[in-house]
Amino acid sequence: LQQLLLKKPNEPPVVFHWLPVIGSTVVYGMDPYAFFFANQKKYGNVFTFILLGRKMTVCLDTKGNNFILNGKIKDVNAEEIYAPLCTPVFGKDVVYDCPNAKLMEQKKFVKFGLTQEALRSYVTIITQECEDFVKRHKAFKGQKGTFDVTKVMSELTIYTASHSLQGEEIRNSFDSKFADIYHDLDMGFSPINFMLSWAPLPHNRARDRAHDTMINLYSEIVRKRRAGSQKKDSHDMIWHLMDCKYKDGTQVPEHEIAGIMIALLMAGQHSSSSTIAWIILRLAQNPHIVEELFAEQKSVLGADLPTLTYDDLSSLPLHAQVVKETLRLHAPIHSIMRKVKQPLVVEGTNYVIPTTHNLMSSPGFSAQLDTYFVDPAKWDPHRWDAGQHSYEDVDGDDEKIDYGWGVVSKGTNSPYLPFGAGRHRCIGEQFAYMQLQTILVAFVREFKFRNVNGSKDIIGTDYSSLFSRPLAPGTVEWERRGKEL
Ligand code: HEM
């Protein structure tokens, strides 16, 4: 009866639950995809559930992705949902603490800063970081051993992403005090903060202190550089943002450069470290693919395996497909949320979603449907061979929208959208591919991998944070390649 009272005429069905505020929070939080599959069976592609007291209307499959991700700014809003969580971490006047038009300009600054020249220099930096890392890390002493992929890969990506994108000063701070500060700041993304981000709890106090320290650190770097005591000697994003101007002609102020840099660190770190961890775990489950990758490198780049360059990446298709396939099954962002700004009719249904609801889209769900993918649960990088299924190119129509930072299709029918779609689409895709492929090349050159005792299992997913990642520890066996290989 309670469920029937909750559901109004023309509103989507409400997922059955016993407790009013808790609703489906626990079941959803344990495994969002299992929750979506089960409820799609019961209610179809559109249904509402209660998440920490909020009404969430999920719209699944390609139509659902398109409806939410390409929603108009007058209809759907991201910042009202994300700001309470993000603003204490990123800071004032950036990302979700400013009008959307300003975010579009900030995304443009970053996207335009990721030039071919910059990406080229990053490949060299990341390769060097990987080589140093495997030489000095205690997990890789000797000829063979095991390592905890989740832990080790998040350490590595902090170094690779910070050195390339954030510059040498920030990279060097990670060797000392910065790691703890980063950890404290990261606690700001605990899911509990969707409700209690303002509360003076110990983890929020630590977050606020870490935030102030980081803003000061970045601001000091900008001040030093602006004072002219240092010349521009790298392609890091701080230098680039210092040269950017808003449409009204103003420079990007220090605290905004700092805030954008924190946002990039967070956005890039979680998604990339989780993806590269999954890549290694999938390779350990499929050691024959590791050997195929090694063979690809030798046949394309030469048996002596010269130092990798940015241009080499486009001639290593299997390496790219490994990234692509891993993002299909293990997209780090499983749920994307928006606030409803005016009553919305869901196309092809009688449902009207009221403004008291939020919307939830899950492109990671459509990427697991057998309507689009043969044997969808199987991790198979060869499913993308010869450009088959390049689903990114499936547009809903030919109409394009220019968001300032890039021109994207007005609609999309693609079931494969690990980087999202529409005005909030990711601008870090090229950086992410470059970074993940470069690390992959380095690890495949150095090691063979397999699951402990050659098992074919794969570990589960930890959905307890906003970004999903492999359950720790993900232990994998490695063996250094001999010279004869
Ligand atoms: C937005 C995924 C790496 C910066 C997004 C969105 C997705 C996504 C799904 C859309 C979120 C939404 O619609 O609410 C990924 C994946 C990555 C990755 C799978 C790596 C494997 C990066 C990196 C950066 C970055 C490396 C920075 C260099 C951003 C930014 C946005 C974004 C600035 C825009 C947020 C907005 O407009 O609201 N990303 N991302 N991402 N991402 Fe990424």
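Colleague: How many aromatic pairs does the structure hold?

Modeller: This is a predicted model, in which local features need pLDDT of at least 70, side-chain atom pairs count only at pLDDT 80 or more, and totals for chains, interfaces and linings use all residues. Residues are numbered from 1 along each chain as its sequence is written, and side-chain values use heavy atoms, with hydrogens and water left out. Rings of Phe, Tyr and Trp (its six-membered ring) pair if their centres lie within 6.5 Å, and planes under 30 degrees apart count as stacked, over 60 as edge-to-face and the rest as tilted. By this rule, the number of aromatic pairs in the structure is 30.

Colleague: What kind of aromatic pair do Tyr 33 and Tyr 463 form?

Modeller: Tyr 33 lies in helix α3 (residues 32–43) and Tyr 463 in the loop between β12 (461–462) and β13 (469–470), so the pair links parts of the chain 430 residues apart, where helices (H or I, at least four residues) and strands (E, at least two) are DSSP runs numbered from the N terminus. With 6.1 Å centre to centre and 75° between the planes, the pair is edge-to-face.

Colleague: Which protein atom is the single donor to the iron atom of the ligand?

Modeller: Donors are N, O and S atoms within 2.8 Å of the metal (3.2 Å for Na, K and Ca), and water is not among the atoms, so sites may look incomplete. The residue concerned is placed in the loop between β10 (407–409) and α19. At 2.3 Å from the iron, the single donor from the protein is Cys 426 (SG).
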